[in-house]
Amino acid sequence: MTAQQPDIYIYKGQHYSYITEKDKRKATSFHPNSYGITPASICSNCSSGYFCEFEVINDKLVLQTLQINSKDNTYPAINGVLPLAPNDAPGYTGYHVYKDLQLPVAYTNSLIIGNGFLSKYYIHTGFQHAWAYRNVLELTFKEGQLMGQCDHSSLIEQLQHEKCQELLTYTENWINTRHPFRMGRGRSFFGFMKTPWWIKA
């Protein structure tokens, strides 16, 4: 798997990339199958076959844009909106594009989002790690209502400056264990600090 296209979350006018979610059993805040579309991948950087742009408006989570490829070329209206064909959509991506959906999403979970990507921490597989961003937020929702926000940016800055060089290069240990935050023998680069859930995600 190559690096994946993350969903985008607009919060207080800023664009953030999806990083991870607390409860993976609830990891889908929106799925096109619920609207009669079976997505199919057309590019290795989007294995799901679709990606979304959400926005928090008046403390409610709303799906604004959906870019998708349908397995059987079926593209029904979603919330009264029909998609633009790939050649008609601005900034051609090869996907059909549903714009201005304004579809409320009844999402209950906590998610980690980030912006200010630092290319030196880029990995060419899956989603980028939390420490690859300057600004990292945790948003908690209940039935689509924003219940709380926590700014983890200072913790991320500490993480980025840890003396453990093996963390920053992330290579051999991550590949061997398939766990991007494990340091071996149960050690944590947070030392005596309690490891946040999203470090374990």
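Trainee: Which residues touch the most other members of the largest nonpolar core?

Mentor: Good place to start! This is a predicted model, and its largest nonpolar core has 28 residues. Strands giving two or more residues to this core include β1 (8-11), β4 (60-68) and β8 (133-142). The members that touch the most others are Leu-66 and Tyr-98.

Trainee: Which residues in the 70s and 80s does Tyr-98 touch?

Mentor: Let's leave out residues up to four places away in sequence. Tyr-98 then touches Ile-37, Gln-64, Thr-65, Leu-66 and Ile-68, among others. In the stretch you ask about, the partners are Tyr-75, Pro-76, Ile-78, Val-81, Leu-82 and Pro-83.

Trainee: How many residues are in the second, separate core?

Mentor: Nonpolar side chains tend to be buried together in soluble globular proteins. Here a second core is separate from the one we just discussed, and it includes Leu-118, Ala-132, Tyr-133 and Ile-156. Its number of residues is 11.

Trainee: Is Glu-138 buried or exposed?

Mentor: Find Glu-138 in strand β8. Its side chain joins that of His-152 through a polar contact of 2.8 Å. The relative accessible area of Glu-138 is 13%. Because buried means under 20%, Glu-138 counts as buried.

Trainee: Why does Ser-153 count as buried, and which residues does Ser-153 touch?

Mentor: Look at helix α1 (residues 153-160), where Ser-153 is found. Ser-153 counts as buried because its relative accessible area is 15%, and the cut-off is under 20%. Not counting residues up to four places away in sequence, Ser-153 touches Arg-134, Asn-135 and Val-136.

Notes: Residues numbered from 1 in each chain as written. Heavy atoms only, no water. Helix = DSSP H or I, 4+ residues; strand = E, 2+ residues; numbered from the N terminus. Buried < 20%, exposed > 50% of the residue type's maximum accessible area, 1.4 Å probe, protein only. Contact = heavy atoms within 4.5 Å. Core = buried A, V, L, I, M, F, W, Y, C linked by side-chain atoms within 4.5 Å. Polar contact = N/O pair within 3.5 Å; in protein donor to acceptor, adjacent residues only side chain to side chain.
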